[in-house]
Every structure is written in C-alpha cells, then in structure tokens.
Protein chains: 2
Amino acid sequence: FQKMESELLTMNQLPAETKDGKLIHLKANIEVKEEVDSVLSHGADGIGLFRSEFLFFRSGDIPSEEEQLETYSQILEMLKGKPVTIRTLDVGGDKLIPKVTGGYEEKNPLLGWRAIRFGLHEKKLLKAQLRALLRSSIFGTLRIMFPMVSGIEELDAVLEILKEVKEELRAEKISFKEDVPVGIMIEVPSAALTSDILAKKVDFFSIGTNDLIQYTIAIDRGNEKVAHMYEPFHLGVLRLVKLVVENAHKEGIPVSMCGEMAGDALASVILLGLGLDEFSMSSFGIPRIKKIIRSVSILEAQELVGTIMEMKSFKDVDKYTTAYMEEKFGIKSFK
Amino acid sequence: FQKMESELLTMNQLPAETKDGKLIHLKANIEVKEEVDSVLSHGADGIGLFRSEFLFFRSGDIPSEEEQLETYSQILEMLKGKPVTIRTLDVGGDKLIPKVTGGYEEKNPLLGWRAIRFGLHEKKLLKAQLRALLRSSIFGTLRIMFPMVSGIEELDAVLEILKEVKEELRAEKISFKEDVPVGIMIEVPSAALTSDILAKKVDFFSIGTNDLIQYTIAIDRGNEKVAHMYEPFHLGVLRLVKLVVENAHKEGIPVSMCGEMAGDALASVILLGLGLDEFSMSSFGIPRIKKIIRSVSILEAQELVGTIMEMKSFKDVDKYTTAYMEEKFGIKSFK
Ligand SMILES: [Mg+2]
Ligand SMILES: [Mg+2]
C-alpha cells in the first residue's frame with residue numbers, strides 16, 4: 001500500500017505524456033468546491049467539468065449572481081491559474097430542483113426540458129449565471145461550457161445571450177476577461193453528427209459519453225430492463241466519437257471527454273487512439289489513467305483503434321481490448 | 001372537388017415513376033385489417049407497415065398463434081400478391097398493454113423496455129408471432145420486419161430465433177415460404193450508424209423517422225416544452241438518412257421510410273434525392289405524393305439535396321425547400 005502511495009505521489013509530478021510525446025490534459029470533474037483539495041492532490045491539470053447545478057441543489061433554490069460569483073471565484077483562485085471549465089446549469093432530466101425547474105412533470109425527462117433547453121427558456125437565470133461566470137474570469141483561467149446543445153440553432157441562441165451579457169457588463173464598467181474560451185458538451189447525437197458546423201463557432205468540445213451513449217442506443221441506463229445495453233464500445237458510439245474528434249481537429253479546437261468512459265482504464269488507449277486531447281474524470285482516477293498514458297505511444301493506440309474499428313460486435317471489441325490491456329499493462333480486471 | 005376525385009382515380013392507375021424512370025414503391029401504413037379497402041382504393045403498391053401490436057391492443061391481451069395467423073392471412077389474401085410488410089410486436093414506450101407488458105413502470109419509457117427488446121425477453125411471445133407470420137406467408141407476399149434493432153447483437157439474436165422457429169415448423173411439417181424477406185426498422189441512431197454492418201444480414205431497411213428524429217435530437221415530441229425541436233430537416237437527421245441509404249445500396253438492398261416524414265409532401269423531393277426506394281404512409285396521402293414523384297426527375301431531386309446539404313440550419317433548409325416546392329408544384333402551403 002505504501003509503495004502504491006509513493007508511486008502515485010511521484011506520478012503527480014509527471015505530465016500525462018505518451019511515449020511519443022503527445023501531452024494529454026487530465027482534469028477532474030467536481031460538484032462542490034470542497035473537492036478542490038482532492039483535485040490538486042491527485043495531480044489534475046485543472047478542472048474539466050464543474051457541475052454548477054450543485055450550487056443550486058445545495059440551497060434548493062436559485063443562488064444569486066453574487067453567491068455564484070463567490071463560489072466560481074474561489075474555485076478559480078484555488079486552482080492558481082490551472083484551467084477550470086464551468087458548465088452552465090444542467091438541470092432537468094434526472095436532476096430536478098422543484099424551486100428551480102418547477103413542478104413540470106414529464107413522461108420522458110431524459111428527452112425533455114433540460115440543460116440548455118431550460119436555460120434558453122429561463123433567460124434571466126442563464127444571464128445571471130453568465131454574468132457571475134464572466135465576472136469570476138479575472139480570478140483565474142475560466143472556460144465556459146454549455147450542456148446538451150443539439151445543433152447550430154441552439155448554439156447561435158446561446159452565443160447571442162453571451163454577447164448580450166458581455167455588452168451589459170461593459171456598459172456597467174464591470175471587468176471580465178474578453179477572451180474566455182467557450183465550449184459545448186457533445187452529448188446529443190445530432191450535435192455529434194453536425195460537429196463540423198459547431199466546431200467553427202466554439203473554442204472546445206467536451207464529449208459527454210453518459211448521455212451520448214444513452215441517446216445513441218436509445219436506452220435509459222437507469223432502467224434495469226435495458227441497462228445491460230449501455231455499451232461504450234458499441235461501434236455506433238465509437239464512430240461518433242471519431243467523427244467529433246476529426247471535425248474538431250479540422251477546425252483546430254481540442255476535444256475533451258467528461259463522461260464516465262473518460263475514467264475507464266479499459267477505454268483509455270482507445271480514446272488516445274481516437275485522438276482525444278483531454279480526459280476529465282473523478283480526481284481519484286487520474287493517477288491510474290496517467291500511468292497508462294505514459295506507457296503507450298499514440299501510434300500503438302491508433303493501431304489498436306484501427307483493429308477494433310474493423311470489428312462488428314462490441315462483444316468482440318470488449319474481449320480484444322481486455323486481452324490487449326491485460327497483456328500490455330498487466331492489469332487483470334478493469335471492471 | 002369532382003375534378004380532384006377523378007384526377008385521383010386516374011392517378012391510382014399510374015405508377016409512382018419519376019420523370020427519368022425510377023419506380024418508387026408507395027405503400028400504406030395500417031393498424032387494422034379494416035383499412036385494407038382504403039389501401040387498395042388509394043392505389044398503394046402494398047402495405048409497407050402493418051403495426052401488428054394493434055391486434056394486441058384490440059383484445060387487450062395476447063392473441064393466440066391461430067388468431068394471429070387468421071388476421072395475417074386475411075390481409076395477405078386481400079392484397080392479392082402485393083407485398084405486405086408486417087412488423088413484429090412494437091409495444092412499450094408510449095404503447096402499453098398491461099396484460100402484455102405487465103405493470104413495469106419506467107421513468108423514460110421511450111428509452112426503455114420496448115419493441116424488440118421486449119420481444120427478445122419474451123421469447124415465447126415472439127416465437128408464437130413468428131410462427132403465425134411464417135405460416136401466413138403462403139397466402140401472399142409477406143415481408144417480416146423487426147422494430148428498434150440497435151445493432152448487430154440484437155439482429156443476430158432475432159435472426160437466431162427466426163431460424164429456430166423455421167426449424168420447428170419444418171419438423172412439424174407445417175408449410176411456409178422459405179424465402180420470406182426479413183428486414184429491420186432503422187430508428188435507433190446506433191443502427192443507422194452501423195447500417196453498413198446490418199445491411200449485410202437483412203433483405204431491406206425501413207427508416208422509422210418518428211423515433212429516429214426523437215433519439216437523434218434527444219427529444220420526446222409528446223412533451224410540449226421540447227416538441228418544437230422535432231425537426232425532420234435537422235442536418236443530423238438528413239445525414240443519417242443519407243448514410244443509411246448509401247450503406248443499404250452498397251449491399252444491394254432497398255430502403256423504405258415509414259415515419260410521418262414519408263407522407264410529408266414538403267419532404268418528398270428531398271427523400272427522392274436521398275435515394276429512398278419506397279415510401280410508406282397513411283393511404284390517403286399516397287395520390288398526392290405520387291403526383292409529386294411523377295413530376296420530378298431523380299436528377300432534379302439530387303440537385304435539391306446537394307443544395308440543402310450545404311446549408312447549416314434547418315430553418316434555411318425549410319425556407320428554401322418550401323419556396324422550391326411552391327414554385328415547382330404550385331402548392332402554397334404544406335403544413
Ligand atoms: Mg448530460
Ligand atoms: Mg418506433
């Protein structure tokens with residue numbers, strides 16, 4: 001155990017660089033600012049996903065602009081210049097806050113009024129959050145991210161609101177960084193399928209595999225009757241991820257992944273081979289993934305991807321990859 | 001009105017052939033056998049989708065193999081050799097039959113235990129239906145279609161069951177046509193994305209746009225808060241349809257469309273240009289679509305598709321297509 005601990009501590013000082021020199025950013029997903037200590041102690045290169053909705057869950061109500069500003073600034077300061085990606089309110093679906101989302105009942109909440117759909121309707125709320133975010137930007141390295149964008153119409157609408165908020169702040173002579181990078185989650189199939197168009201308008205993508213997989217295979221993984229169909233290695237999913245990365249890189253923007261798949265050791269070499277630039281996960285998972293990344297080359301990873309993309313069934317992909325990872329990294333079980 | 005009536009009657013005698021000679025099959029969607037008269041009087045080339053679940057709805061219970069055989073045979077006989085595509089039980093989602101699906105409550109039924117997922121679990125029920133279907137095949141031109149197949153694993157499982165049923169019938173010396181074509185609905189994004197693989201194992205595809213659009217854009221169109229996002233002209237949807245047609249044609253199998261989009265006059269030239277071979281819709285819509293098909297060439301349709309596929313927003317596609325169709329067919333409003 002002590003040996004493992006010291007190995008991890010050493011690992012924290014090293015970059016997540018492949019054998020052939022590609023630097024991968026390994027970042028942490030967090031929900032509350034109390035997690036920042038763990039983020040730093042596990043050697044994260046920043047926060048890849050701060051789920052701002054937990055600010056709303058905590059109070060069970062809508063936090064004021066000032067309250068939000070305080071939390072965002074604190075986190076940015078604690079990260080001492082390392083990048084912090086804050087996602088705007090991602091409520092609805094399975095994340096209900098009665099005082100925020102109201103009592104609207106839905107037959108299929110996962111296909112319903114959630115995330116940016118809610119934000120585009122409750123503009124005052126979205127604007128207050130964007131004001132708080134922009135105002136916090138002077139305290140560190142902020143990136144703003146919008147969830148569940150389904151296509152160019154929603155993206156344009158959201159960017160227009162951001163522009164308005166910036167104009168308001170300028171008019172009020174409130175300072176903020178003009179060049180805060182703006183990105184979107186890619187978690188709706190239609191966004192992945194039109195990512196060539198979306199890539200021209202944002203600074204980064206972050207693939208949200210949990211939702212992307214659910215929509216692509218048309219399953220709710222919280223439903224025990226179909227949960228077994230949730231499959232990150234479904235060729236339909238892998239092909240979408242590949243497409244998103246290719247489209248992003250054509251426009252010169254980086255791609256992160258912030259779903260559970262990003263922290264899955266079994267998937268890590270595949271994700272490298274698919275071209276992902278950044279993985280964001282629970283901070284505890286970072287040292288393990290870093291170790292794997294430092295042990296392979298992008299070339300090897302691309303070879304693995306080349307092989308599995310020719311397979312037809314995710315069962316074959318799973319079997320082959322498990323054997324590959326066991327042989328290469330001596331890890332007996334990944335699950 | 002009389003002029004229109006007689007025009008429609010004349011139309012019934014004519015094939016749905018484009019100006020440059022591509023013959024399109026225009027077929028009808030039905031739910032009960034009482035609709036067959038209307039199918040024939042509107043000049044349908046057959047039934048493109050018989051929703052067999054209505055047999056189950058009617059009785060509110062599971063009809064026996066013999067009861068099913070009777071209905072299927074009657075429909076096949078009434079169609080006098082014209083092809084009849086019967087879809088296996090598509091329950092679950094928004095189609096609940098307590099005595100069939102049980103009292104299983106789901107948070108997101110559209111992403112839940114439905115269609116072939118239900119059938120693969122309730123094998124006895126699926127097998128009884130396949131027995132009835134195969135036995136009915138000697139009464140006409142049957143095609144069997146499976147709903148909601150999400151990938152090769154489910155398809156293999158379903159084809160294995162079909163094989164077993166055929167073996168049982170052979171052992172029992174019950175006659176059926178050995179070469180009944182077998183197809184699948186393409187309505188889950190992962191199926192569309194892996195349609196190259198699926199096309200090698202079936203005789204036809206039928207694109208179910210209602211569900212495909214819902215999953216691709218991640219919306220429940222029955223939900224008033226997001227229903228406005230249901231958009232057949234979303235580039236993500238059009239690209240998926242294009243991909244499915246290309247993959248099918250590479251394997252030499254035809255592609256039908258049986259969602260509402262197939263009966264939408266505004267979409268008809270686009271669908272021709274995308275390469276669809278067959279449209280299935282409410283029988284009342286057939287004469288109108290036939291008239292449009294007979295007025296254009298595939299070349300013109302491909303030109304329209306070439307133009308709209310370069311557009312970024314469905315608003316632009318909608319505007320352009322509306323103007324195009326008005327100018328070409330003098331139809332003022334399509335909605
Ligand atoms: Mg999500
Ligand atoms: Mg369906």
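Tutor: Let's start with a term: buried means under 20% relative accessible area, exposed means over 50%, and partly exposed is in between (1.4 Å probe, protein chains only). By that rule, Glu187(A) and Asp211(A) are buried. Housekeeping: residues are numbered from 1 along each chain as its sequence is written, while chains are lettered from A and ligands numbered from 1 in the order in which they are written. This is a predicted model, where local features need pLDDT of at least 70, side-chain atom pairs count only at pLDDT 80 or more, and totals for chains, interfaces and linings use all residues; side-chain values use heavy atoms, with hydrogens and water left out.

Student: What makes Glu187(A) and Asp211(A) donors of the magnesium ion (ligand 1)?

Tutor: Their OE and OD atoms sit at 2.1 Å from the ion. A donor is an N, O or S atom within 2.8 Å of the metal (3.2 Å for Na, K and Ca), and water is not among the atoms, so a site may look incomplete. Glu187(A) is in the loop between β5 (182-186) and α9 (189-193) of chain A and Asp211(A) in helix α11 (residues 209-217) of chain A, so the pair ties together parts 24 residues apart in sequence. Those labels come from DSSP runs, numbered from the N terminus: helices are H or I, at least four residues, and strands are E, at least two.

Student: How do you know whether Glu187(B) is buried or exposed?

Tutor: Its relative accessible area is 2%, so Glu187(B) counts as buried. Asp211(B) has 10% relative accessibility and also counts as buried. Together they are the protein donors of the magnesium ion (ligand 2), at 2.1 Å.

Student: What makes the relation between chains A and B a two-fold axis?

Tutor: Chain A can be laid on chain B by a turn of 180 degrees and a shift of 0.0 Å along the axis, with an RMSD of 0.0 Å. That is how a two-fold axis relates its copies. The fit is by least squares on C-alpha atoms of residues with pLDDT of at least 70 in both copies. In chain A, Asn108(A) comes closest to the rotation axis, its C-alpha at 2.2 Å.

Student: Why is the pair Phe50(A) and Tyr72(A) called edge-to-face?

Tutor: Their ring centres are 6.3 Å apart and their planes are at 75 degrees, so the pair is edge-to-face. Rings of Phe, Tyr and Trp (its six-membered ring) pair if their centres lie within 6.5 Å; planes under 30 degrees apart are stacked, over 60 edge-to-face, and the rest tilted. Phe50(A), at 1% relative accessibility, is buried, and Tyr72(A) is buried at 0%.

Student: What makes the pair of Phe54(A) and Phe57(A) tilted?

Tutor: These rings are 5.1 Å centre to centre with 55 degrees between the planes, which is tilted. Both residues lie in helix α3 (residues 53-59) of chain A, three residues apart, about one turn of the helix. Phe54(A) is partly exposed at 22% relative accessibility, and Phe57(A) is partly exposed at 26%.

Student: What makes the link between Asp90(B) and Arg87(B) a polar contact?

Tutor: Their side chains come to 3.3 Å. A polar contact is a pair of N or O atoms within 3.5 Å; within protein, one must be able to donate a hydrogen and the other to accept it, and residues adjacent in sequence count only if both atoms are side-chain atoms. Asp90(B) is buried, with a relative accessible area of 3%.
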